[in-house]
Amino acid sequence: MRVAMIGTGYVGLVSGACFSEFGTDVICVDKDETKIARLEDGIMPIYEPGLDVLVENNVKAGRLKFTTDLKVGVKDADAVFIAVGTPTRRGDGHADLSYVYAAAEEIAEAMDGFTVIVTKSTVPVGTGREVERIIRAKRPDAEFAVVSNPEFLREGSAIGDFMRPDRVVIGTTDERARDVMRDIYRPLYLIETPIVFTSRETSEMIKYAANTFLAAKITFINEIADLCEKVGADVHDVARGIGLDGRIGKKFLHPGPGYGGSCFPKDTLALVRTAQEHGSPLRIIETVVDVNAKRKKAMADRIISACGGSVAGKTIGILGLAFKPNTDDMRDAPSLDIIPALIKAGATVRAFDPEAMEEAQKLLGDIVYCDGAFETIEGADAMVVLTEWNEFRGMDLDRIKSTLKHPIVVDLRNVYEPGEMAEQGFSYTCVGRASIG
Ligand code: NAD
């Protein structure tokens, strides 16, 4: 079995490396020459725990290769995965499918013999049909099938998620394609991974339904958190109290500054758009999008009011910039809303993130980037936890207090205990629990 992976980003590189770990020959293709050159030198273009070792081992074993030449990658492949980006299209919220369609055109020219083309990118319902039309128009006599196989991995735990998924979804009605997909995912049968075979349209829909549901769940607990603050309840106990109900489930009930990242913001918008176009609006998800956008903005106000109503001329030390821990991904991170709002309000921002500093500098520009957590809060008027990296959870409270100018902590991820913060004499603002100060 030979697999070509078009797009060597968070999904393509992890999927390609994991397939090669299963013993499949994989060639990862990317247009970005720097990315491929770095990979050939053994340097990972992204931060994902465990990825460097996985890639190194499989490159050494000769099962994992990289190229910028799509033709070379696709020519002998039994399956060609499209794992290119599908960002939000400027102006209308729809998924920008130009990368997917461009890849389809190129694949059509390069494929040889029966080829299964697999859309792993998150794409709106009907995209598989259009990919098929594009390829058929270029190669009327070619033997191929276009399959939907959405990816559910999470950045930060991507390898484990890929190797031990809750399920694999495969959308095709083509028997030959089904056999190829079964072969590719055969190693997962051993760990009894449920494989959902369905139509292409249903498979495309499953991915959006899953992501928008999760975004709604986060938004739900965020609003419950706000209400908890008003009525004197503790959102963590509420989350535990409802999450133990099997119908609700424990996950995605952690309150915070609003969801961000490379998927939820764009996928919620895209599904809202699809639903509107089909005259079947998803009002719940429209509200989720709106509530989440407002929430990110409101977080800057929360910081400002924790600082006594103004941050003009004050220094704020921000811990964490990535949209979540264990990734360097800055796409739609709450920090991108919060930090500019603080600067606009007159603050000087110092910041540190263990992995996302390089990406952050491209997007945030003029703030002071520091080498560690304590350097960031040195002499600052307040410390703000924006991303719950492990190294921020166990920081010495005495040292935090003596390093800050004022003992003000705004913890938007609830990594500290309010009682302990009170004992230590902090003014402590958190989410969905009684703040102190
Ligand atoms: P990414 O931006 O990290 O990577 C995409 C890569 O594709 C880039 O390196 C780009 O250079 C390359 N590319 C674009 N056009 C190309 C072409 N014609 N030929 C070769 N390479 C090309 O994107 P990502 O985060 O990996 O996401 C990819 C898709 O997977 C998206 O649709 C996304 O919604 C979906 N997805 C992402 C995640 C995630 O956590 N990042 C999880 C599940 C699904």
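Here is a short chat about a predicted model, its ligand shell and a few of its residues.

Reader: Which helix gives the most residues to the shell around the ligand?
Author: Okay, the shell holds 28 residues, and G7, G9, V11, S121 and T122 are the closest. Two elements give two or more residues to this shell, namely helix 1 (10-21) and helix 5 (98-110). With four residues, the one that gives the most is helix 5.

Reader: How many residues in the shell around the ligand are charged?
Author: Let's sort the shell by class. Nonpolar residues number 12 and polar ones nine. That leaves the charged class, and its count is seven.

Reader: How far apart in space do the UniProt "binding site" residues get?
Author: The unreviewed UniProt entry puts this feature at a set of residues, including F152, L253 and K324. In sequence they are spread over 173 residues. They are spread out in space too, and between C-alpha atoms the distance goes up to 23.7 Å.

Reader: Is F152 buried, exposed or partly exposed?
Author: You'll find F152 in the loop between strand 6 (144-148) and helix 7 (158-163). Leaving aside neighbours within four places in sequence, its contacts are D161, P165 and A210. Buried takes 20 or more other C-beta atoms within 10 Å, and exposed takes 12 or fewer. F152 has 17, so it counts as partly exposed.

Reader: And L253, is that one buried or exposed?
Author: L253 sits in a loop as well, between helix 11 (235-243) and helix 12 (264-277). If you skip neighbours within four places in sequence, L253 is in contact with K217, I221, A239 and G243. Inside 10 Å there are 21 C-beta neighbours, and the cut-off is 20 or more, so L253 is buried.

Reader: What about D69, buried or exposed?
Author: Look at the loop between strand 3 (64-67) and helix 4 (70-75), and there's D69. Count the other C-beta atoms within 10 Å of D69 and you get 12. A residue with 12 or fewer falls in the lowest-count class, so D69 is exposed.

Reader: How far apart in space are D69 and T115?
Author: Along the sequence, D69 and T115 are 46 residues apart. In space, going from C-alpha to C-alpha, the distance is 18 Å.

Reader: How much of residues 317-418 is strand?
Author: The unreviewed UniProt entry labels this span "domain: UDP-glucose/GDP-mannose dehydrogenase C-terminal". Its end C-alpha atoms lie 20 Å apart. Helix makes up 34% of the span, and the strand share is 18%.

Methods: Residues numbered from 1 in each chain as written. Predicted model: local features only at pLDDT ≥ 70, side-chain atom pairs only at ≥ 80, totals over all residues. Near = placed C-beta within 6 Å. Nonpolar A, V, L, I, M, F, W, Y, C, P; charged D, E, K, R; others polar. UniProt positions renumbered as here; feature names shortened; annotations may be inferred. Contact = placed C-beta atoms within 7 Å.
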